[in-house]
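Let's walk through this structure together, starting with a pair of helices and then turning to charged side chains. Have the model open as you read.

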Amino acid sequence: MKETPLSNCERRFLLRAIEEKKRLDGRQTYDYRNIRISFGTDYGCCVVELGKTRVLGQVSCELVSPKLNRATEGILFFNLELSQMAAPAFEPGRQSDLLVKLNRLLERCLRNSKCIDTESLCVVAGEKVWQIRVDLHLLNHDGNIIDAASIAAIVALCHFRRPDVSVQGDEITLYTPEERDPVPLSIHHMPICVSFAFFQQGTYLLVDPNEREERVMDGLLVIAMNKHREICTIQSSGGIMLLKDQVLRCSKIAGVKVAEITELILKALENDQKVRKEGGKFGFAESIANQRITAFKMEKAPIDTSDVEEKAEEIIAEAEPPSEVVSTPVLWTPGTAQIGEGVENSWGDLEDSEKEDDEGGGDEAIILDSIKMDTGVEVSDIGSQEQKSYKELGTRLAEKTEGDAPIILSDSEEEEMIILEPDKNPKKIRTQTTSAKQEKAPSKKPVKRRKKKRAAN
């Protein structure tokens, strides 16, 4: 386990707060954090929350062969896992010293204290016994793992139900929960661990240290006790020397805390059993607090529908009466009708984009008016002198085309023009009207060819 060391400033701040009998979460010296127990849908599954430290407990069972030296006793197995989901300091794939110490402490607290009757787990002596496996998963680490793990383990064992069996000769029959009700485990007492943290060589004492307080403590004392004030196990770590009075003082505090926690566990088990018998809703989903951003449900708001009709009548009476004016249809032409004034007819009106196009087209017409053709005719005042200009243009083009001179056409920006001739039908030819320079070039070539022909003659 690789933890990021605290800075000297943080360490001094925490130690000074402990000297002043102040804790980061506002608790007093001997106060425990809030404990919350919730059960899953299956027997033997629970989640224990000690402040922000969360531990999931799951109990399973199977029929196995007993140990050779204990042929009439069942087997108890405890396994605690520390994953990186709980804290990034935990290394996956290897057992740290902390994990080994916690597993051994759990075994001494629960198995060596004989809290469970292992002889009741025997089915056939020397052949078949029940093996009870308790798996504990740390979901979130905020200090005092051993206390949360011991509570989760004993709660899961008390909540667990094993299948019922019957033995007839050499035959062992295992019944499902539908055939026979599962059988609870025989539990004699409930040992619970209580941790005490010491600071400055035992000068100051805190109960239920959190993660920050554990990183600055000098030593840790863990006492496992039941509600009968019987000490099941005790362990001191950290290398500090404790006096007899200090240990006795811690044991008295542990007796009070264990009695409170045991009462809380029994009440939680009773409530869960009551809900299951009544057929109510149970499981982890029902334990989620409402009115939270992480919850998927909210409380239903009651709605009173007894006086709906009276309220509706009051609303209608207070409302303004409808207008008495009734619009009559207007018949413009047979087969049509109009109700109301309507809006102005906008059919045929140009839109803004079309108006801009029209304005742009006018500019192009002005540009074209200023361009002179190679024939010497200026394109202007087409509206007033349209017929005259067409005749002059036709006659001059006819003179130039007498020698069968070719007319060169350009592919760019061409438009059609109709040439009016006196005796022939109107013909369609293409002329270029965009550039005056481009149109002068084809007009010179036929002139040169005409001179060559005359010289040859």
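From α2, the residues Leu-102, Leu-105, Leu-106 and Leu-110 make contact with Ile-145, Ile-146, Ala-149, Ser-150, Ala-153 and Ile-154 of α3. Sorted by character, the residues of this contact are nine nonpolar and one polar, with no charged residue. Please keep in mind as you look around that this is a predicted model.

How do the two helices lie against each other? Helix α2 covers residues 97-111 and helix α3 covers residues 145-159; their axes come within 11 Å and cross at roughly 45 degrees. An angle of 65 to 115 degrees would count as roughly perpendicular and one under 35 degrees as roughly parallel, so α2 and α3 are oblique to each other. If you turn the view to look along the crossing, you will find that α2 passes α3 in a right-handed manner.

Now let's move on to the charged side chains. Side chains of opposite charge can pair when their charged atoms come close. How many salt bridges does a search of the whole structure find? The search finds 16.

A good one to visit is the salt bridge between the side chains of Glu-213 and Arg-23, with an N to O distance of 2.9 Å. Glu-213 belongs to helix α4 (residues 211-216), while Arg-23 sits in the loop between α1 (8-19) and β1 (35-39), so this pair ties together parts that are 190 residues apart in sequence. Are these two partners buried or exposed? Glu-213 has a relative accessibility of 3% and counts as buried. Arg-23, at 9%, counts as buried too.

Next, look at Arg-180 and Asp-164, which form a salt bridge whose closest N and O atoms are 3.3 Å apart. This pair links distant parts of the chain, 16 residues apart: Arg-180 is in the loop between β9 (171-174) and β10 (183-184), and Asp-164 is in the loop between β7 (161-162) and β8 (165-168). Here Arg-180 is partly exposed, with a relative accessible area of 35%, whereas Asp-164 is buried at 18%. Elsewhere on your tour, you can trace a network in which salt bridges with shared partners join Asp-25, Arg-27, Arg-33, Asp-142 and Asp-208.

One more stop is the salt bridge of Glu-73 with Arg-70, where the closest N and O atoms are 3.8 Å apart. Glu-73 is buried, its relative accessible area being 18%. Its partner Arg-70 counts as partly exposed, with a relative accessibility of 45%.

Key. Residues are numbered from 1 along each chain as its sequence is written. This is a predicted model: local features need pLDDT of at least 70, side-chain atom pairs count only at pLDDT 80 or more; totals for chains, interfaces and linings use all residues. Side-chain values use heavy atoms; hydrogens and water are left out. A salt bridge is a side-chain nitrogen of Lys or Arg within 4 Å of a carboxyl oxygen of Asp or Glu. Helices (H or I, at least four residues) and strands (E, at least two) are DSSP runs, numbered from the N terminus. Buried means under 20% relative accessible area, exposed over 50%, partly exposed in between (1.4 Å probe, protein chains only). Axes are lines fitted to C-alpha atoms, for helices over the stretch in contact, and angles run from 0 to 180 degrees between N-to-C directions. Angles under 35 degrees count as roughly parallel, over 145 as roughly antiparallel, 65 to 115 as roughly perpendicular and the rest as oblique. A crossing is left-handed if the near helix is turned anticlockwise from the far one by less than a right angle, and right-handed if clockwise. Contact means heavy atoms within 4.5 Å. Ala, Val, Leu, Ile, Met, Phe, Trp, Tyr, Cys and Pro count as nonpolar, Asp, Glu, Lys and Arg as charged, and the others, Gly among them, as polar.
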